[in-house]
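Visitor: I should like a close look at a single part of this model, the metal site. Please describe how the site is built and then place it beside the other parts that can be described.

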Amino acid sequence: MNSHNSPAMRHLLIATALSAGFAAHAQVKVDDPWVRATVAPQKATGAFMQLMSAKAAKVVAASSPVADMVEIHEMKMDDGVMKMRAVDALALPAGQAVALKPGSYHVMLMGLKGQIKAGDTVPLTLTVEGEDKQRSTVEIKAQARVK
Ligand SMILES: [Cu+2]
């Protein structure tokens, strides 16, 4: 996890509103999106990135063409055991970076349709909801790597 400073891995993406008729666009910056590469029989993996929203918002859904099911997960110590669970939404406080990283929040890709090899580009879509309930999507191209 020391690649946050690598310029080659930086991706800046701006969320675009689903409809041009919406005045308020949620602006979400995505930094260093990556997916953990898998071995052939593996059916699940995690995607990680840094998110920063200009306005208070939350990530309410995620999807990817490489997986049957995508959820936002949280990892937490529970009685000394590391557990992960799906969360309904991931809060993005205004102007504050939120890290999705191993051992913490992550995008969980389940029911993988094939192996994800290091160097592959994995498309991800996040649905972000603003305080005005307006939803927009953020399209992400995450690079697969081992760690
Ligand atoms: Cu998970």
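Guide: In sequence, the residues that donate to the copper ion follow the spacing H-x10-M-x21-H-x1-M. The first pair of that pattern links distant parts of the chain: H73 belongs to strand 5 (residues 67-78) and M84 to strand 6 (residues 81-86), 11 residues apart. This is a predicted model, and the distances and angles that follow are computed from it. The protein donors are ND1 of H73, SD of M84, NE2 of H106 and SD of M108, which lie 2.1 to 2.3 Å from the copper ion. Around the ion, these four donor atoms subtend angles of 101 to 121°. Four donors count as tetrahedral if all angles lie between 85 and 135 degrees, and the arrangement here is therefore tetrahedral.

The accessibility of two of the donor residues can also be stated. H73 has a relative accessibility of 5% and so counts as buried. M84, at 41%, counts as partly exposed.

Turning to the nonpolar interior, the largest nonpolar core has 29 residues. Those with the most contacts inside this core are M49, L51, V59, V107, L109, L126 and I140. L126 may serve as an example: leaving aside its neighbours within four places in sequence, L126 is in contact with residues including M49, L51, V59, V107 and I140. Its partners also include A61, A62, S136, T137 and V138.

A charged residue completes the description. D32 is found in strand 2 (residues 28-36). Its relative accessible area is 1%, so D32 is buried. The side chain of D32 is joined to that of R145 by a polar contact of 3.3 Å.

Terms used:
Residues numbered from 1 in each chain as written. Predicted model: local features only at pLDDT ≥ 70, side-chain atom pairs only at ≥ 80, totals over all residues. Heavy atoms only, no water. Helix = DSSP H or I, 4+ residues; strand = E, 2+ residues; numbered from the N terminus. Buried < 20%, exposed > 50% of the residue type's maximum accessible area, 1.4 Å probe, protein only. Polar contact = N/O pair within 3.5 Å; in protein donor to acceptor, adjacent residues only side chain to side chain. Donors = N, O, S within 2.8 Å, 3.2 Å for Na, K, Ca; no water. Tetrahedral: all angles 85-135°; square planar, octahedral: opposite > 155°, others 65-115°. Core = buried A, V, L, I, M, F, W, Y, C linked by side-chain atoms within 4.5 Å. Contact = heavy atoms within 4.5 Å.
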